[in-house]
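Trainee: Could we go through this model together? I want to see how each label is earned.

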Amino acid sequence: MHVALLQMRLLLPSRTLKEKRAIVKSVLSRARNRFNVACTESELHDQPMDAELCFVTVAPSVARAKQILQELESWLVSERPELEVSDVQVEEL
């Protein structure tokens, strides 16, 4: 089994932490349900316009793990066009 990690930094259209929490909670919940990944907001908790999200998956091969995370990234970009992805890192653990 192989583990892969996707870290994304997002620029959000929120002005308050309450608005940010609603956006982040929605993205994380939908990603968990759709892709069966573990995910969390890992940094930038007190910045209303920025978020760093991490997604982790386990798969039988490195290629499949990375494919799942690439699909997740593509889904997020198409599903939530108001969110700007400013940085993406994928790594095998």
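Mentor: Start with one scale: buried means under 20% relative accessible area, exposed means over 50%, and partly exposed lies in between (1.4 Å probe, protein chains only). This is a predicted model, in which local features need pLDDT of at least 70, side-chain atom pairs count only at pLDDT 80 or more, and totals for chains, interfaces and linings use all residues. Residues are numbered from 1 along each chain as its sequence is written, and side-chain values use heavy atoms, leaving out hydrogens and water.

Trainee: Why is Leu44 called buried?

Mentor: Its relative accessible area is 17%, which is under 20%, so Leu44 is buried. Leu44 sits in the loop between β2 and β3. Helices (H or I, at least four residues) and strands (E, at least two) are DSSP runs, numbered from the N terminus.

Trainee: What makes the phi of Leu44 worth a remark?

Mentor: Leu44 is a residue other than glycine, and its phi is positive, near 60°. Most residues other than glycine have a negative phi. Asn36 is not a glycine either, and has a positive phi of about 55°.

Trainee: Is Asn36 buried or exposed, and how do you know?

Mentor: Asn36 has 68% relative accessibility, over the 50% mark, so Asn36 counts as exposed. Asn36 lies in the loop between α1 and β2 (38-43).

Trainee: How do you know that Lys20 is buried?

Mentor: Set 2% against the 20% limit: Lys20 is therefore buried. Lys20 belongs to helix α1.

Trainee: What makes the pairing of Lys20 with Glu41 a polar contact?

Mentor: The two side chains come to 2.9 Å. A polar contact is a pair of N or O atoms within 3.5 Å; within protein, one must be able to donate a hydrogen and the other to accept it, and residues adjacent in sequence count only if both atoms are side-chain atoms. The 2.9 Å value is within that limit, so the Lys20–Glu41 pair qualifies. The Lys20 side chain also reaches the backbone oxygen of Leu44, at 2.3 Å.

Trainee: Which residues does Lys20 touch, leaving out those up to four places away in sequence?

Mentor: Contact means heavy atoms within 4.5 Å. By that rule Lys20 touches, among others, Leu12, Ser14, Glu41, Leu44, His45 and Asp46.

Trainee: Why is Arg80 called buried?

Mentor: Arg80 has a relative accessible area of 16%, below the 20% limit, so the label holds. Arg80 lies in the loop between α2 (62-79) and β4 (84-92). The Arg80 side chain makes a polar contact with the side chain of Ser26, at 3.5 Å. Beyond its neighbours within four places in sequence, Arg80 is in contact with Ile23, Ser26, Val27 and Trp75.

Trainee: Why are α1 and α2 called oblique?

Mentor: Helix α1 (residues 17-35) and α2 pack at an angle of about 135°, with axes 11 Å apart. Axes are lines fitted to C-alpha atoms, for helices over the stretch in contact, and angles run from 0 to 180 degrees between N-to-C directions. Angles under 35 degrees count as roughly parallel, over 145 as roughly antiparallel, 65 to 115 as roughly perpendicular, and the rest as oblique. The 135° angle falls in none of the named ranges, so α1 and α2 are oblique to each other.

Trainee: Which residues meet where α1 packs on α2?

Mentor: On α1, they are Val27, Arg30, Ala31, Arg34 and Phe35. On α2, they are Ile68, Glu71, Leu72, Trp75, Leu76 and Glu79.

Trainee: What makes Val56 partly exposed?

Mentor: Its 27% lies between 20% and 50%, so Val56 is partly exposed. Val56 is found in strand β3 (residues 50-59). Outside four places in sequence, its contacts are Val3, Ala4, Leu5, Val37 and Ala38. Ile68 is twelve residues from Val56 in sequence and 9.7 Å away, C-alpha to C-alpha.

Trainee: How do you know that Cys39 is buried and Glu19 partly exposed?

Mentor: Cys39, in strand β2, has 12%, under the 20% limit, so Cys39 is buried. Glu19, in helix α1, has 34%, between the two limits, so Glu19 is partly exposed. Cys39 touches Leu28, Arg32, Cys54 and Phe55, not counting residues up to four places away. The C-alpha atoms of Glu19 and Cys39 are 19 Å apart, with their positions 20 residues apart in sequence.
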